[in-house]
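Open the chain in a viewer and keep the selection tool at hand. The stops below go from the whole chain to single residues.

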Amino acid sequence: MLGRRANIRIIYQGVDITTDIKQDLVEFSYTDNASGEADDISITLKDEQKRWITQWKPQKGDEIEASIQTINWNKNGDNYELDCGLFIVDQPEFSGRPMRLTLQALSMPANNDFTRTEKSRTWEEVTISEIAKNVAENAGLNLFFDSGLDPMLSFLEQSEVSDMAFLYDVCKNHGLAMKVYSKKIIIFSEEEYENKPAVAVITESDMTDWTARTTLTDTGYDGCLMEYFDPLTEELLEYSYILSGRSGVKVFKINELAASVEEAERRVKSKLRELNRKETLITINLPGSTKLVASNNIEITDLGVFSGKYYIDQVKHVCNGYTCQLELHKILEGY
């Protein structure tokens with residue numbers, strides 16, 4: 001078999017610097033989150049010649065495009081490339097001795113109006129995709145909306161929060177996931193993605209180490225309920241949802257008011273999934289694979305009661321030998 005190797009490719013401010021940094025590269029890592037957090041990369045470089053701290057000094061706000069390339073990974077000709085996306089330099093850090101530069105970069109845009117500026121406005125008779133399109137255009141981003149669920153919302157109030165935080169909360173409340181990747185806001189249904197087939201089967205012997213845990217703290221609920229306003233009777237009513245076969249003893253109450261029974265149903269079921277997906281969690285380390293991407297599913301076997309289908313909440317790719325660390329939750333059934 002020919003030489004098995006993993007390389008990284010770096011485009012810095014539109015210039016391919018892969019060859020320039022090769023001799024200085026200590027470690028590269030890429031953290032890919034399914035929803036709720038920015039993706040990030042970290043690049044650690046030797047700086048014995050003091051080039052990076054002088055004429056090559058990086059600036060906050062610089063753009064980096066990164067990818068991981070595997071050559072002859074499992075067999076001859078088994079070549080893949082994982083596009084990590086586009087990142088904005090957030091925190092260049094120098095240290096010594098030995099002299100080193102660690103570049104931290106995030107997938108969030110440099111546009112502070114999207115991430116930090118607090119805004120107040122009202123939204124009426126609008127779908128989630130319409131809100132997302134408006135927010136994306138204001139931030140100079142594109143929108144990728146990948147869900148069969150796009151409810152019409154009668155009234156929403158954005159009160160002194162950033163567009164990013166507001167849009168994420170709207171999505172989460174209605175059962176949708178959201179992330180920013182390569183100048184795009186990506187919105188999708190986690191439930192729909194969990195129903196997709198597994199991209200890989202991983203056995204216990206494939207793992208270099210692992211930790212599996214179950215808990216009942218703030219999870220394992222039988223059901224969920226919230227109040228809503230009925231415009232016909234002008235009354236406050238209660239919508240509750242109990243999982244089939246459950247006792248209904250442990251029920252979570254959402255202390256907010258829904259504008260309709262349809263909204264209450266969506267929010268109650270979404271909240272129950274959000275709470276209960278934390279019941280069975282696994283962290284595993286294994287040899288690197290460009291096929292492992294956040295929001296994909298894998299099948300875990302030969303792990304006793306922890307065997308089954310899992311959703312990738314986060315995967316961290318580390319290149320100095322190339323390994324992956326996965327954060328997973330067991331896919332919920334019967335919801």
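The tour starts with the overall view and then moves through a helix, the cores and a loop residue.

**Whole chain.** Show the full C-alpha trace of this predicted model. Along its principal axes the trace spans about 75 × 50 × 35 Å. Colour by secondary structure to find six helices and 21 strands. Of the 335 residues, 44% are buried. Contacts between residues at least 6 apart in sequence can be drawn next; 67% of these join residues at least 24 apart.

**Surface and charge.** Switch on the accessible surface, which comes to about 17000 Å², with 46% of it belonging to carbon and sulfur atoms. Then colour the charged side chains: 36 are positive and 55 are negative. The centres of these two sets lie 7 Å apart.

**Helix α4.** Select residues 163-173. Which residues of this helix are buried? They are Asp163, Phe166, Leu167, Val170 and Cys171. Because these residues cover an arc of only 130 degrees around the axis, they sit on the same side of α4. Now add the elements they pack against: the helices α2 (112-115) and α3 (128-139), together with the strands β8 (119-127), β10 (152-161), β11 (176-181) and β12 (184-189). Just after α4, stop at glycine 175, whose phi is positive at about 80 degrees.

**The cores.** Select Phe28, Ile298 and Leu326, the residues with the most contacts inside the largest nonpolar core, a set of 49 residues. Strand β20 (residues 308-319) gives the most to this core, with five residues. A second, separate core has 23 residues, including Ile131, Phe166, Cys171 and Ile187. Two of these names, Phe166 and Cys171, were already met among the buried residues of α4.

**Isoleucine 298.** Return to the largest core and centre on Ile298. Leaving aside neighbours within four places in sequence, isoleucine 298 is in contact with Ala198, Val199, Ala200, Ile202, Ile284, Leu292, Leu326 and Leu328, and also with Gly308, Lys309, Tyr310 and Ile312.

**Alanine 198.** From Ile298, step across to its contact Ala198. Alanine 198 is in the loop between α5 (190-194) and β13 (200-203). Is this residue buried or partly exposed? Its relative accessible area is 34%, so alanine 198 counts as partly exposed. Beyond four places in sequence, its contacts are Asn297, Ile298, Glu299 and Lys309. As a last selection, take the C-alpha atoms of alanine 198 and alanine 38: the two residues are 160 apart along the chain, and these atoms are separated by 24 Å.

Notes:
Residues are numbered from 1 along each chain as its sequence is written. This is a predicted model: local features need pLDDT of at least 70, side-chain atom pairs count only at pLDDT 80 or more; totals for chains, interfaces and linings use all residues. Side-chain values use heavy atoms; hydrogens and water are left out. Helices (H or I, at least four residues) and strands (E, at least two) are DSSP runs, numbered from the N terminus. Buried means under 20% relative accessible area, exposed over 50%, partly exposed in between (1.4 Å probe, protein chains only). Contact means heavy atoms within 4.5 Å. Accessible areas come from the Shrake-Rupley method with a 1.4 Å probe; for residues, only the protein chains shown count as cover. Lys and Arg count as positive and Asp and Glu as negative; His and the chain ends are not counted. The place of a charge is taken as NZ of Lys, CZ of Arg, CG of Asp or CD of Glu. The arc is that of the directions from the helix axis to the C-beta atoms. A nonpolar core is a set of buried Ala, Val, Leu, Ile, Met, Phe, Trp, Tyr and Cys residues joined through side-chain atoms within 4.5 Å.
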